[in-house]
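Here are my notes for you to read with the viewer open. Take them point by point, and find each residue on screen as you go.

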Amino acid sequence: VEVVDLMGQIGSGSLPVERLPSAGLALAPAGARRKGQGHALERLSQALRSMPMPVIGRISEDRLLLDLRCLENVAPFVAQLGLLKAALA
């Protein structure tokens, strides 16, 4: 896990290419060979989306990126992270 600077897309419509600076987390599977990283990232992404408070990220450069710009309440997000271990078992 690494803290990273990100550029988030503002939206579509009249500003489809405008970007907004943000910060986030970059998650990469530990010990996975390059060949197996895509599968591991997809499993992690699915597990996060399946949580009680779904977490949506994007896969880029062999990492799952979570943009935290719109995360207003950190406590519920952090509280449910313990569920990942069971979801990925």
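1. Let's begin with one pair of residues. G24 has D67 of strand β4 as its bridge partner. Before you go on, keep in mind that what you are looking at is a predicted model.

2. That pair belongs to a longer match-up. Strand β2, residues 19–27, pairs with β4 in the antiparallel sense, and 4 bridges hold the pairing. Another spot to find here is L25, which stands opposite L66 in β4. If you wonder what such pairing is made of, strands of a sheet pair through backbone hydrogen bonds, either parallel or antiparallel.

3. Now look at what β2 does with β1. These two strands also run antiparallel, and 8 bridges join them. To find your place, look for M7, whose bridge partner in β2 is P21.

4. Time to zoom out to the whole sheet. In what order do the strands of the open sheet come? The order is β1-β2-β4-β3, 4 strands with antiparallel pairing. Since β1 and β3 (58–60) stand at the edges with a single partner strand each, one side of each has no neighbour in the sheet. From one strand to the next, the twist averages 45°.

5. Next, the salt bridges. The structure has 2 of them. In one, the side chains of R63 and E2 meet, with 3.7 Å from N to O. This pair ties together distant parts of the chain: R63 sits in strand β4 (residues 63–67) and E2 in strand β1 (residues 2–9), 61 residues apart.

6. R63 also has a salt bridge with E61, where the closest N and O atoms are 3.9 Å apart. Put together, E2, E61 and R63 form a linked network of salt bridges. That 3.9 Å still counts because the cut-off for a salt bridge is within 4 Å.

7. Are the members of this network buried or exposed? E61 is exposed, at 67% relative accessibility. E2 is partly exposed at 44%, and R63 is partly exposed too, with a relative accessible area of 22%. R63 is not called buried because that word is kept for residues under 20%.

8. Now for the inside. The largest nonpolar core has 12 residues: L25, L27, L41, L44, A47, L48, M51, V55, L64, L66, F77 and L84. Elements that each supply at least two of these residues are β2, α1 (34–49) and β4. Which element gives the most to this core? It is α1, with 4 residues. You have met L25 and L66 already: they stand opposite each other in the sheet, and both are on the core list.

9. Stay with the core and pick out F77. Setting aside neighbours within four places in sequence, F77 is in contact with M53, V55, L66 and L71. V55 and L66 are core members as well.

10. Last stop: R49, which is found in helix α1. How accessible is R49? At 34% relative accessibility, R49 is partly exposed. The side chain of R49 makes a polar contact with the side chain of Q46, at 2.7 Å. Not counting residues up to four places away in sequence, R49 also touches P54, V55 and I56. So V55 turns up once more: V55 is in contact with F77 and is touched by R49, and V55 counts as buried because a nonpolar core is a set of buried residues.

Methods: Residues numbered from 1 in each chain as written. Predicted model: local features only at pLDDT ≥ 70, side-chain atom pairs only at ≥ 80, totals over all residues. Heavy atoms only, no water. Buried < 20%, exposed > 50% of the residue type's maximum accessible area, 1.4 Å probe, protein only. Pairing = 2+ DSSP bridges. Axes fitted to C-alpha atoms, helices over the stretch in contact; angles between N-to-C directions. Core = buried A, V, L, I, M, F, W, Y, C linked by side-chain atoms within 4.5 Å. Contact = heavy atoms within 4.5 Å. Polar contact = N/O pair within 3.5 Å; in protein donor to acceptor, adjacent residues only side chain to side chain.
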